[in-house]
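Dear colleague,

I am passing on a structure for you to look through at your own pace. Please open it first, and then read the notes underneath with the structure beside you.

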Amino acid sequence: ALPITPEMMILMYQFVNINNPAELAHWTSFIFALRLLYRKSSIAPESLAKFDPKTGLSREKAVLSNNVVLVCQNCSKTNQFMSSTRVTPLIPSSITALDPVFHYTKLVTENVVEMTCPAFSYLETGLVRSVTHRSFTEFLKKLLVKIGLDPSKWTGHSFRRGGASLLYRLGLDPLTIQACGDWSSDTFLRYLEVNFDRLWSAQHIMASYTCI
């Protein structure tokens with residue numbers, strides 16, 4: 001799957017109605033997926049009925065505090081036995097479309113549900129609904145079509161790859177990227193998308209070689 005980029009998300013955002021609870025919940029989950037480098041399974045449950053608040057990302061594990069969202073993760077593909085817990089702070093973005101704090105604040109204040117519900121729950125005709133594996137991917141593909149892209153080239157996993165590539169593009173060292181994405185090995189290097197600027201820099205370095 002190709003990576004989702006911030007530029008793509010900014011284009012998609014123009015087709016998102018954040019006053020619609022379902023669209024707001026899904027878009028917020030997209031921002032979290034990108035910023036946290038999360039797998040789709042860490043963002044949303046297969047279904048609301050199958051959600052387990054002990055292992056899944058519930059409202060009580062994504063808490064607003066002083067204009068920051070503190071996200072607690074105690075279970076993942078590399079931490080299946082919940083032997084450790086990590087807390088990641090999500091801070092506001094200067095770009096509204098990519099701001100996790102703005103969207104999550106709107107979601108939780110306008111859609112009040114039990115704290116044991118999935119983080120990206122919303123109310124629809126008085127009933128609690130939630131972003132699921134299937135709806136996450138379907139909404140993504142719908143938006144990709146809206147901006148003129150072939151949806152078959154991207155999946156729910158594209159946010160994980162996109163987040164890693166973005167950090168690399170911004171100059172973060174690979175070891176820290178590995179920690180951010182909770183990778184247990186260096187296989188994460190396959191996720192990194194090397195952009196034109198880095199290739200340009202590499203060629204300048206190569207061209208600067210002189211024979212002494």
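The notes below go through one helix, then the charged pairs, and then the cysteines.

Please keep in mind throughout that this is a predicted model.

A good place to begin is helix α5, which covers residues 133-146. At 1.5 Å a residue, its 14 residues should span 20 Å, and the end C-alpha atoms are 21 Å apart, so the expected and the computed lengths agree. Which residues of α5 are buried? They are S135, F136, T137, F139, L140, L143 and L144, and if you select them you can follow what they pack against, namely α1 (6-13), α2 (21-36), α3 (40-43), β5 (127-130) and α6 (158-169). After the helix comes G148, which has a positive phi, near 80°.

Helix α5 also carries a charged pair, since R134 and E138 both lie in it, four residues apart, which is about one turn of the helix. Their side chains meet in a salt bridge, with 2.9 Å from N to O. R134 counts as exposed because its relative accessibility is 62%, over the 50% cut-off, whereas E138, at 45%, counts as partly exposed.

As background, side chains of opposite charge can pair when their charged atoms come close. How many salt bridges does a search of the whole structure find? The search finds five, and besides the pair in α5 I would point you to two of the others.

One of them joins E110 and K106, whose closest N and O atoms are 2.7 Å apart. These two residues sit four residues apart in helix α4 (residues 100-110), and therefore about one helical turn separates them. Their surroundings are worth checking in turn: E110 is partly exposed, with a relative accessible area of 47%, while K106 counts as buried because its relative accessibility is 14%, under the 20% cut-off.

Another salt bridge links E46 with K50, where the closest N and O atoms are 3.7 Å apart, and here E46 and K50 are both exposed.

Finally, you may wonder about the cysteines. The structure holds zero disulfides. Of the cysteines you can look up, C72 is partly exposed, with a relative accessible area of 23%, whereas C117 is buried, with a relative accessible area of 14%.

With best wishes

Terms used
Residues are numbered from 1 along each chain as its sequence is written. This is a predicted model: local features need pLDDT of at least 70, side-chain atom pairs count only at pLDDT 80 or more; totals for chains, interfaces and linings use all residues. Side-chain values use heavy atoms; hydrogens and water are left out. A disulfide is a pair of cysteine sulfur atoms within 2.5 Å. Buried means under 20% relative accessible area, exposed over 50%, partly exposed in between (1.4 Å probe, protein chains only). The expected span of a helix is 1.5 Å times one less than its number of residues. Contact means heavy atoms within 4.5 Å. A salt bridge is a side-chain nitrogen of Lys or Arg within 4 Å of a carboxyl oxygen of Asp or Glu.
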